[in-house]
Amino acid sequence: DQFGSQPVLELVRQLIDQNGWFSLTDPNLTFVEDVSVCAAMPVMRDSRQAPIPSRLLRQMHVLHVSGLSEADMRTIFAHTLKWYHETNGFPQEILDLEPRICDASLAVYARIRARLR
């Protein structure tokens, strides 16, 4: 419209801000209960070009998570995998496969990440 609002995002904002919606025919607020809103989006290079209106963005908690290096991901995944296997009593044959499982998992992650770019 002439003000640059996006109707769907305005409905989401109204849900978060006022816990419901106003109808065009009924001036009473229709409450929506037991709803959580979770959203994700890529990093915007220019905040002035952001597709999310500031009226909606102010209702959100903005969290930025930097990408990890492959070495960091390998360390985190290897330690988590080792802990899981040891905690759940996996046999030694499975424990010996941990480096290969880690390599295969990171290879799959890298391929998926490349295709989603």
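# Exercises on a predicted model

Arg 13 touches Arg 55, Leu 56 and Gln 59, residues up to four places away in sequence being left out of the count. The structure is a predicted model, and the exercises below start from this residue.

## Exercise 1: the surroundings of Arg 13

Task: State where Arg 13 lies and decide whether this residue is buried or exposed.

Solution.
1. Find the element: Arg 13 is part of helix α1.
2. Take the relative accessible area, which is 9% for Arg 13.
3. Compare with the cut-off: buried means under 20%.
4. Arg 13 therefore counts as buried, at 9% relative accessibility.
5. For a distance across the model, take Leu 106, which is 93 residues from Arg 13 along the chain. The C-alpha atoms of Arg 13 and Leu 106 are separated by 38 Å.

## Exercise 2: a network in helix α1

Task: Work out which residues are linked with Arg 13 in a network of salt bridges.

Solution.
1. Recall the principle: side chains of opposite charge can pair when their charged atoms come close.
2. Apply the cut-off, a side-chain nitrogen of Lys or Arg within 4 Å of a carboxyl oxygen of Asp or Glu.
3. Check Glu 10: its side chain meets that of Arg 13 in a salt bridge, at 3.0 Å from N to O. The side chains of Arg 13 and Glu 10 are also joined by a polar contact of 3.0 Å.
4. Check Asp 17: its side chain forms a salt bridge with that of Arg 13, at 3.5 Å from N to O.
5. Look at the spacing. Glu 10 and Arg 13 are three residues apart in helix α1 (residues 7-18), about one turn of the helix. Asp 17 and Arg 13 are four residues apart in helix α1, again about one turn.
6. Compare the exposure. Glu 10 and Arg 13 are both buried, whereas Asp 17 is partly exposed because its relative accessibility is 34%.
7. Result: the network of salt bridges links Glu 10, Arg 13 and Asp 17.

## Exercise 3: a salt bridge in helix α3

Task: Describe the salt bridge between Glu 86 and Lys 82, and explain why about one helical turn separates these residues.

Solution.
1. Read the distance: the closest N and O atoms of Glu 86 and Lys 82 are 3.1 Å apart.
2. Count along the chain: Glu 86 and Lys 82 are four residues apart in helix α3, so about one helical turn lies between them.
3. Add the exposure. Glu 86 is partly exposed, with a relative accessible area of 48%. Lys 82 is partly exposed too, at 39%.
4. For the total, a search of the whole structure gives five salt bridges.

## Exercise 4: a nonpolar patch

Task: Name the residues that make the nonpolar surface patch of about 340 Å².

Solution.
1. The patch is made by Trp 83, Tyr 84 and Phe 90.
2. Place one of them: Trp 83 belongs to helix α3 (residues 70-87).
3. Test its exposure: Trp 83 has 53% relative accessibility and therefore counts as exposed.

## Exercise 5: Gln 14 and the loop after helix α1

Task: Determine which residues Gln 14 contacts, leaving aside its neighbours within four places in sequence.

Solution.
1. Gln 14 is located in helix α1 and is buried, with a relative accessible area of 14%.
2. Its contacts are Asn 19, Gly 20, Trp 21 and Phe 22.
3. For Phe 22, the backbone nitrogen lies 3.5 Å from a polar atom of the Gln 14 side chain.
4. Asn 19 sits in the loop between α1 and β1 (20-22). Its phi is near 60°, a positive value in a residue other than glycine.
5. Asn 19 is partly exposed, with a relative accessible area of 46%.
6. Asp 34, not a glycine either, has a positive phi of about 55°. Asp 34 is in the loop between β2 (29-31) and α2 (54-57), and counts as exposed at 82% relative accessibility.

## Exercise 6: cysteines

Task: Find how many disulfides the model contains.

Solution.
1. Recall that a disulfide is a covalent bond between the sulfur atoms of two cysteines.
2. Use the cut-off: the two sulfur atoms must be within 2.5 Å.
3. By this rule the count is zero.
4. Compare two cysteines: Cys 38 is exposed, with a relative accessible area of 77%, whereas Cys 102 counts as buried at 3%.

Notes: Residues are numbered from 1 along each chain as its sequence is written. This is a predicted model: local features need pLDDT of at least 70, side-chain atom pairs count only at pLDDT 80 or more; totals for chains, interfaces and linings use all residues. Side-chain values use heavy atoms; hydrogens and water are left out. Patches are made of residues with over 30% relative accessible area and no salt bridge: like charges are joined within 9 Å, nonpolar side chains (Val, Leu, Ile, Met, Phe, Trp, Tyr) within 5 Å. Accessible areas come from the Shrake-Rupley method with a 1.4 Å probe; for residues, only the protein chains shown count as cover. Helices (H or I, at least four residues) and strands (E, at least two) are DSSP runs, numbered from the N terminus. Buried means under 20% relative accessible area, exposed over 50%, partly exposed in between (1.4 Å probe, protein chains only). Contact means heavy atoms within 4.5 Å. A polar contact is a pair of N or O atoms within 3.5 Å; within protein, one must be able to donate a hydrogen and the other to accept it, and residues adjacent in sequence count only if both atoms are side-chain atoms.
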